[in-house]
Amino acid sequence: MKYCPECATPLNQEEIYSKLRMACTNCGFIDWANPAPVAAAILRYGKQIVLVRNKREDRRGWGLPGGFVEPGENAEEGVLREVLEETGVKGRVNEVLMTHGVQRTKKSFLLIVFEVQRLDGELKAGDEIAEVKLVSLRDALKLVEGRLDEHILSHWAARRSIRFKPAASRAASTPGTNFRRDQT
Ligand SMILES: [Zn+2]
């Protein structure tokens with residue numbers, strides 16, 4: 001933020017509560033750069049879990065369903081809405097698994113991860129989703145390797161004491177069953 005949203009004065013960098021923040025010398029406005037809440041789901045579908053590939057973030061590959069919490073929603077409502085929009089599945093929140101602060105160059109997020117149980121509905125990729133995939137935990141860990149979602153799934157696996165054998169070798173083809181939009 002370069003200019004004050006209250007009075008349009010150029011903002012100055014100042015140390016406020018032990019952090020450098022952009023502040024207005026004219027009206028006292030402070031840009032706290034608060035994180036935006038994002039709700040994500042480990043969506044249990046039978047004995048498998050659901051991963052999605054977002055159209056806009058295609059290069060980032062597979063990940064957990066989820067998105068920004070909308071004004072007036074609580075995080076549970078947000079995660080269930082995102083799950084329905086992205087995967088076609090109606091779910092129920094089992095528990096809050098973890099929260100995680102994510103700092104990006106220009107924005108920061110507060111990720112709230114839920115374990116969600118499928119109640120109803122068949123997998124169908126939503127408008128913003130390129131592909132939806134039903135996979136085992138072991139395959140999911142491979143698909144999100146090296147990213148925050150791997151950390152989340154590992155944490156979930158440890159918490160649930162789910163046993164899975166480490167992959168002896170990489171599968172030649174992409175694991176899991178794909179549900180492309182043109183097949184729905
Ligand atoms: Zn101002």
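## Contacts of A41 and the nonpolar core

Leaving out residues up to four places away in sequence, A41 touches L64, P65, G66, V79, V83, F114 and V116. The structure is a predicted model, and these contacts belong to that prediction. A41 is also one of the residues with the most contacts inside the largest nonpolar core, together with I42 and L51. That core has 34 residues.

Several elements give two or more residues to this core: strand 4, strand 5 (48–54), helix 1, strand 9, strand 10 (129–135), helix 2 (137–143) and helix 3 (148–160). The most comes from strand 4, which gives six residues.

## Overall architecture

The chain holds three helices and eleven strands. Read from the N terminus, the order of its elements is β-β-β-β-β-β-β-α-β-β-β-α-α-β. Of its 184 residues, 28% count as buried. Among contacts with a separation of 6 or more, 61% join residues that are 24 or more positions apart.

## The hairpin of strands 8 and 9

Strand 8 (residues 90–103) and strand 9 (residues 108–120) run antiparallel and are joined by twelve bridges. The two strands form a hairpin, with four residues between them. Within this pairing, V93 has V116 of strand 9 as its bridge partner. V116 is also among the residues that A41 touches, and strand 9 is one of the elements giving two or more residues to the largest nonpolar core.

## The three-stranded sheet

An open sheet is formed by three strands in the order 1-2-3, with antiparallel pairing. Strand 1 (12–16) and strand 3 are the edge strands; each has a single partner strand, so one side of each is left without a neighbour in the sheet. Strands of a sheet pair through backbone hydrogen bonds, in either a parallel or an antiparallel manner.

Strand 1 is joined to strand 2 (residues 19–23) by five bridges, and the two run antiparallel. In this pair, E14 stands opposite R21 of strand 2.

## Two loop positions

A33 lies in the loop between strand 3 (30–31) and strand 4 (36–45). Apart from neighbours within four places in sequence, A33 is in contact with R21 and S108. R21 is the residue of strand 2 that E14 faces. The C-alpha atoms of A33 and K106 are separated by 9.2 Å, although the two residues are 73 residues apart along the chain. Is A33 buried, exposed or partly exposed? A33 is partly exposed, because 13 other C-beta atoms lie within 10 Å.

S136 is placed in the loop between strand 10 and helix 2. S136 counts as partly exposed because it has 14 C-beta neighbours inside 10 Å. Between the C-alpha atoms of S136 and R44, which are 92 residues apart along the chain, the separation is 10.0 Å.

## Confidence in the model

The chain has a mean pLDDT of 89, and 85% of its residues reach 70 or more. Confidence is highest in helix 1 (residues 75–87), at a mean of 98, and lowest in strand 11 (residues 177–180), at 57.

Over residues 168–173 pLDDT stays under 50, and the model has zero contacts for them beyond four places in sequence. Where pLDDT is low, the predicted coordinates should not be read in detail.

Conventions: Residues are numbered from 1 along each chain as its sequence is written. This is a predicted model: local features need pLDDT of at least 70, side-chain atom pairs count only at pLDDT 80 or more; totals for chains, interfaces and linings use all residues. Two strands pair if DSSP finds at least two bridges between them. pLDDT is the predictor's confidence in each residue, from 0 to 100. Two residues are in contact if their C-beta atoms, placed from the backbone, lie within 7 Å. A residue is buried if 20 or more other C-beta atoms lie within 10 Å of its own, exposed if 12 or fewer, and partly exposed in between; C-beta atoms are placed from the backbone. A nonpolar core is a set of buried Ala, Val, Leu, Ile, Met, Phe, Trp, Tyr and Cys residues joined through C-beta atoms within 7 Å.
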